[in-house]
Amino acid sequence: MQKLVSVIVPIYHGQMYMPGLIRQLEEAAKETTDYNVELLFVNDDPDMPIGAVPESILTDIRVIQTDKNRGIHGARVRGLSYCRGDFVLFLDQDDTIHKKYLTRQLALIGDADAVVCNVMHDGHMYYDVDRSLEHVITRESMLFEQCMILSPGQVLIRKASISDIWKENIMRVTGADDWLLWICMLCEGKKIVANNEVLFEHKLHYSNTSTDSIRMAESENEVVEIVGRCGLLKGQELEMLAGAAENVQRKRMRDNEKCKRMFRVLSDWMTARENHRYISDYLKTRQLYRVAIYGYGHFGKHLLAELQNEGMKVSYIVDRNARYIDTDIVLKTPEDDLEKVDVFIIAVLKGKNTIAVEQNIQDRVDAKIFWLTDIISEMIS
């Protein structure tokens with residue numbers, strides 16, 4: 001008898017995503033001959049029933065209607081009670097998986113209880129020189145540093161290995177139920193293995209719970225409360241878990257302040273463009289034509305696009321995580337040989353952690369060096 005993978009997708013005002021999810025899973029199902037795939041859509045809005053779904057090559061597609069809103073944790077657990085698979089994949093309604101997702105995850109899970117794949121996030125592989133996938137799935141990292149699994153969609157799980165504590169303690173506050181699941185499994189001695197293949201794309205929207213700092217803090221604190229109440233951790237280890245949650249919340253506050261600064265820069269940049277002031281013109285008036293960019297984050301991507309749209313050539317981009325970035329432009333690390341250019345534009349915020357970048361470039365290559373933020377400030381002054 002052929003074995004089965006169950007894919008559980010909570011749906012909340014997301015019926016527009018369902019055809020795309022079906023297509024993705026059809027492609028993934030075609031790649032594996034050893035398993036069939038069942039897809040369970042768990043409707044979490046009693047006021048918006050989901051109608052018939054398209055016919056599909058998948059073994060079974062079912063819609064589980066709801067009598068009340070349970071939140072994503074409750075919807076996942078409800079779907080779990082209906083599924084028949086040996087393995088379970090929890091997807092969000094707007095997730096994207098690679099067509100090789102199932103076959104590669106199944107091939108690598110071995111005797112483990114779960115396998116976690118690498119993920120593409122904002123054009124970068126999420127795990128890089130600062131955070132290896134092998135490290136972030138360890139018990140010590142997950143419990144006492146922070147949850148670095150971006151989405152349950154990265155994880156294929158043996159159904160029998162899913163913790164009863166996670167199933168029986170539905171969280172009141174949405175946001176960190178996946179962290180609770182990994183903590184439960186690791187505290188129960190379950191084995192989680194890494195798959196460094198990029199098989200999943202994480203999409204961050206302004207409406208995501210993870211962007212709501214207050215709600216995420218409440219959810220993380222609830223995780224600590226459940227772990228303590230259920231006796232998964234005690235004493236010093238429970239204190240360390242609470243400390244990790246506090247550290248994450250402080251880091252999120254610092255990140256929020258950084259985002260405010262970035263918003264101000266991007267707003268000024270748009271103001272300059274609205275007044276027909278372009279970085280390409282700024283450089284051309286100074287007879288600077290061969291450009292290199294330091295940093296391929298939000299600023300670097302927008303800068304590259306603007307310069308290319310204005311017909312300027314970018315010789316290369318320098319980023320410390322160059323080997324983890326997927327793009328057609330030439331990428332180098334700060335340690336690589338850097339060819340001579342007319343100008344280096346540093347496309348990151350100035351700060352105590354980045355000010356050394358300018359000196360490093362001066363030591364490595366003969367070129368004028370500008371900070372993007374300084375260029376934008378000059379253009380709107």
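Two exercises with worked solutions follow, and both concern a predicted model of a protein.

**Exercise 1.** Describe the protein as a whole: how many helices and strands does the protein have, and what share of its residues count as buried?

*Solution.* Begin with the secondary structure, where the protein shows 13 helices and 14 strands. Next consider the extent of the chain, whose C-alpha atoms fill a box of roughly 70 × 55 × 40 Å along the principal axes. Then turn to burial, for which a residue must have under 20% relative accessible area; of the 381 residues, 50% count as buried. Finally, look at the contacts with a separation of 6 or more, of which 74% are made by residues 24 or more positions apart.

**Exercise 2.** Place strand β2 among its neighbours: which strands are joined to β2 by bridges, and how do they run?

*Solution.* First locate strand β2, which covers residues 35–43 and is mostly covered, since eight of its nine residues are buried. On going to strand β1 (residues 3–11), you find nine bridges to β2, and the two strands run parallel; within this pairing, V7 has L39 of β2 as its bridge partner. Now follow the connection between these strands, where helix α1 (residues 18–31) forms a right-handed β-α-β unit together with β1 and β2. The last step leads to strand β3 (residues 60–64), which is joined to β2 by five bridges and also runs parallel to β2, with V63 in β3 as the bridge partner of F41. Strand β2 is therefore paired with both β1 and β3, because two strands pair if at least two bridges are found between them, and the bridges here number nine and five.

Conventions. Residues numbered from 1 in each chain as written. Predicted model: local features only at pLDDT ≥ 70, side-chain atom pairs only at ≥ 80, totals over all residues. Heavy atoms only, no water. Helix = DSSP H or I, 4+ residues; strand = E, 2+ residues; numbered from the N terminus. Buried < 20%, exposed > 50% of the residue type's maximum accessible area, 1.4 Å probe, protein only. Contact = heavy atoms within 4.5 Å. Right-handed = clockwise from strand over helix to strand, strands pointing away.
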